[in-house]
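Biologist: I'm new to this one, so could you walk me through it slowly?
Modeller: Gladly; here is the structure, and we can start with a term that will come up soon.

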Amino acid sequence: MTLVEINFDGIVGPSHNYAGLSLGNLAATAHKGDTSHPRAAALQGVAKMRANMALGLGQGFLLPLPRPNSELEAALFLDETAPAQLHAAVWSASSMWTANAATVSPAPDCEDGRCHLTPANLVSMVHRAQEWPDTQRQLALVFADKRTFAVHGPVPPTFGDEGAANHMRFCESHDAPGVEVFVYGRPGGIFPARQHEQASHTVARKHSLDPERCVFIEQNPEAIAAGAFHNDVVSVANERVLFAHEQAFADRKGAYEAIRAAFPALEVVEVPANAVSLEEAIRTYLFNAQLVTLPSGEMALVVPEECRESEAVWNWCEGMLASNGPIRKVIPVDVRQSMANGGGPACLRLRVVADPATVDPRFLLDEAKADLLETVIGKHWPDAIAPADIGNAALARDVRAARQALLEALDLAELG
Ligand code: SUG
């Protein structure tokens, strides 16, 4: 068994659009009504996966879910009197942000020695709450080997669970036992706190984690109010390193101490507010980065292009590289189509520690399959979707046919 980290990126679906559905997600609400470019969006996603493969990292993918979702459409009795936002919800391509697909506890952390996955219920928003049954179906296929994986049902409502976006893991190396950190929000602020404390505890129990190796931390209400609707917008972890904004947690010192008590080797790389304000961190998504260990053992931070364009953020990054800390490289990637909906490089991927030989190979990427994805996307994904196109019957047919073409190309017709 060779356990390695594999990033499963969500392929951007053919119905990708800007409907401004997520209250508290400032990018998404600011771009409400813009024309989207699904083909460009999906190609940006494939380019990111290719770049990560070129770094020597394990890469997989998850498929877009069926949209428009006719079951939800029927359940909501959608007609011309229903609000546009509900019509847009059934078209949402939000499953592209696979950091919200599930919480994953790697095998070395779990009592039964299997890797446990709980699909996120995403109950805070209707366009996201529709995802989990299809996500669960897909995860059960990708991780079908029951000796190695346990794919659970979601946490019951009303406890909102947003998956890996509010979960971090510290370890000496990915294949070693880890300390799992769950970050929840307290309700009552101007924007929804999407991760409920009891959802986090439920996932930890469900995954049979050692309570001594679990830490529960409250997200800073100020960060949620500033637009950090998920913890992965203000912090990210990899192996021994926590990369966080000074204002990420409600009790900053208490949070670091609690993690250090369970994981003494912790190294904190903190960005002070006087170098990069919370607002600038959220605008550029500096922390919605992929913090990865390269085959050389060095750590790299894969950040959105927007970080290079921000003087404050880029100065800070250059200073960090010069200071000889644990993060040795900063690599910008262009995922602007996703960024405009509040999804950076880290939102687009679900981290799974597994032996690639135990994963359904149809979901693993190599160069030839990346070529195939580009060909199908280039041929079938719509060039543009304007708000007025949502609900259009001909476009709905095209969107369904595009997904179907992808399933056939990948020999995954059973997900149809
Ligand atoms: O849930 N955007 C997503 C972005 C998710 C980002 N994920 C992480 N931070 N891990 C969300 O808010 C916008 C869709 C729209 O408005 O049409 C949206 O759902």
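Modeller: On a 1 Å grid over the protein atoms alone, a cavity is a set of points where a 1.4 Å probe fits but cannot get out, and its lining residues have an atom within 4 Å of a point. A molecule sits in a cavity if more than half of its atoms lie within 2 Å of the grid points of that cavity. This is a predicted model, in which local features need pLDDT of at least 70 and side-chain atom pairs count only at pLDDT 80 or more, while totals for chains, interfaces and linings use all residues. Residues are numbered from 1 along each chain as its sequence is written, and side-chain values use heavy atoms, with hydrogens and water left out.

Biologist: Which cavity does the ligand take up?
Modeller: The ligand takes the space of the second largest cavity, whose volume is about 210 Å³, a volume being the space filled by probe spheres set on grid points that are joined across faces, edges and corners. There are 22 residues lining this second largest cavity, and Ser22, Ser94, Trp97, His127 and Asn341 are the closest to its centre.

Biologist: And how many residues surround the ligand?
Modeller: The ligand is surrounded by 21 residues, of which Leu21, His127, Arg194, Asp232 and Cys347 are the closest, where a residue counts as near if one of its heavy atoms lies within 4 Å. By class, this shell has eight nonpolar, 10 polar and three charged residues, with Ala, Val, Leu, Ile, Met, Phe, Trp, Tyr, Cys and Pro taken as nonpolar, Asp, Glu, Lys and Arg as charged, and the others, Gly among them, as polar.

Biologist: What polar atoms of the protein does the ligand meet?
Modeller: For polar contacts, meaning pairs of N or O atoms within 3.5 Å, a backbone N or O atom of leucine 21 is 2.6 Å from a ligand oxygen, and a polar backbone atom of alanine 19 is 3.4 Å from an oxygen of the ligand. On the side-chain side, a polar atom of aspartate 232 is 2.7 Å from a ligand nitrogen. Of the 480 Å² of accessible area that the ligand has on its own, the protein covers 99%, using the Shrake-Rupley method with a 1.4 Å probe.

Biologist: Okay, switching topic: how many cavities are there in the whole structure?
Modeller: The search finds five cavities of 30 Å³ or more, and the largest holds about 330 Å³ of space. It is lined by 23 residues, with Ala164, His167, Met168, Arg169 and Arg351 closest to its centre.

Biologist: Which strand gives the largest share of that lining?
Modeller: Strand 15 does, with five residues; strands here are DSSP runs of E with at least two residues, helices are runs of H or I with at least four, and both are numbered from the N terminus.

Biologist: Last thing, where are the cis peptide bonds?
Modeller: One runs from arginine 67 to proline 68, with omega near -10 degrees, and proline 68 is in the loop between strand 2 and helix 3. Another joins proline 157 and threonine 158, with omega about 10 degrees, and threonine 158 lies in the loop between strand 5 and strand 6.

Note on methods:
Polar contact = N/O pair within 3.5 Å; in protein donor to acceptor, adjacent residues only side chain to side chain. 1 Å grid on protein atoms, 1.4 Å probe; cavity = no way out; pocket = protein on both sides within 12 Å on 5 of 7 lines; lining within 4 Å.
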